[in-house]
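Trainee: Hey, have you got a minute? I'd like to go through a new structure with you.
Mentor: Sure, let's put it up and take it piece by piece.

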Amino acid sequence: MASGYGYNGGRSRCYPFWQEFHKCYALADKPEECVLQRDDYLECLHHSKEILRTKTIQDEQFKQKEKRAKEAAASKKKADSASASNVPRLNVVEDKAKASA
């Protein structure tokens with residue numbers, strides 16, 4: 001642990017976590033009893049869980065965006081093939097409209 005002071009004086013952002021870990025470690029019979037406090041302190045220092053969670057969210061957003069793009073391309077292809085079909089050219093649609101009028 002460094003001095004415990006932040007860049008602008010005062011306590012650093014992780015100093016309370018360090019104090020909690022240090023207190024537990026000093027009073028514990030086995031170091032394994034302080035795993036949670038250690039993990040909290042290391043997370044405060046390195047943000048490893050936060051970074052992993054953010055990366056997971058970004059990956060999922062990317063997957064969903066690709067899926068939406070594929071679905072849009074498929075629906076566009078389906079619409080293009082429907083517009084290029086022979087149904088309007090055979091006057092099937094127009095005859096039904098005239099018959100119902």
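Trainee: Let me jump right in: which residues are buried in H2?
Mentor: Keep in mind that this is a predicted model. In H2, the buried ones are Gln37, Tyr41, Glu43 and Cys44.

Trainee: And how do those sit around the axis of H2?
Mentor: Looking down the axis, the buried residues fall within an arc of 160 degrees, so they line one face of the helix. There's a general idea to go with that: an α-helix has 3.6 residues a turn, so residues three or four places apart point the same way.

Trainee: OK, what do the buried residues of H2 pack against?
Mentor: Their partners are H3 and helix H1, which covers 15–27.

Trainee: Back up a bit. How many residues does H2 have, and what is its reach?
Mentor: H2 has 12 residues, and from first C-alpha to last it reaches 16 Å. That is close to the 16 Å expected at 1.5 Å a residue.

Trainee: Now H2 and H3 together. At what angle do their axes cross?
Mentor: Roughly 65 degrees, and the axes come within 6 Å. H2 is residues 35–46 here, while H3 is residues 48–83.

Trainee: Which residues meet there?
Mentor: From H2 you've got Asp39, Glu43 and His46, and they meet Ser48, Lys49, Glu50 and Ile51 in H3. By type, that contact divides into 4 charged, 2 polar and 1 nonpolar. Glu43 turns up again, by the way: it is on the buried list of H2 too.

Trainee: What's in the loop between H2 and H3?
Mentor: His47 has its place there. Its phi is near 55 degrees, a positive value in a residue other than glycine. For background, most residues other than glycine have a negative phi.

Trainee: Is His47 buried or partly exposed?
Mentor: Partly exposed: its relative accessible area is 28%, and buried would need under 20%.

Trainee: Switching topic, what does the whole chain look like in terms of helices and strands?
Mentor: It has 4 helices and 0 strands, so to speak α-α-α-α from the N terminus on.

Trainee: And how much of the chain counts as buried?
Mentor: 10% of its 101 residues. The chain exposes about 9,000 Å², with carbon and sulfur atoms supplying 57% of that.

Trainee: Last one: what share of the contacts is between residues 24 or more positions apart?
Mentor: Such pairs account for 26% of the contacts with a separation of 6 or more.

Methods: Residues are numbered from 1 along each chain as its sequence is written. This is a predicted model: local features need pLDDT of at least 70, side-chain atom pairs count only at pLDDT 80 or more; totals for chains, interfaces and linings use all residues. Side-chain values use heavy atoms; hydrogens and water are left out. Axes are lines fitted to C-alpha atoms, for helices over the stretch in contact, and angles run from 0 to 180 degrees between N-to-C directions. Helices (H or I, at least four residues) and strands (E, at least two) are DSSP runs, numbered from the N terminus. Contact means heavy atoms within 4.5 Å. Ala, Val, Leu, Ile, Met, Phe, Trp, Tyr, Cys and Pro count as nonpolar, Asp, Glu, Lys and Arg as charged, and the others, Gly among them, as polar. The expected span of a helix is 1.5 Å times one less than its number of residues. Buried means under 20% relative accessible area, exposed over 50%, partly exposed in between (1.4 Å probe, protein chains only). The arc is that of the directions from the helix axis to the C-beta atoms. Accessible areas come from the Shrake-Rupley method with a 1.4 Å probe; for residues, only the protein chains shown count as cover.
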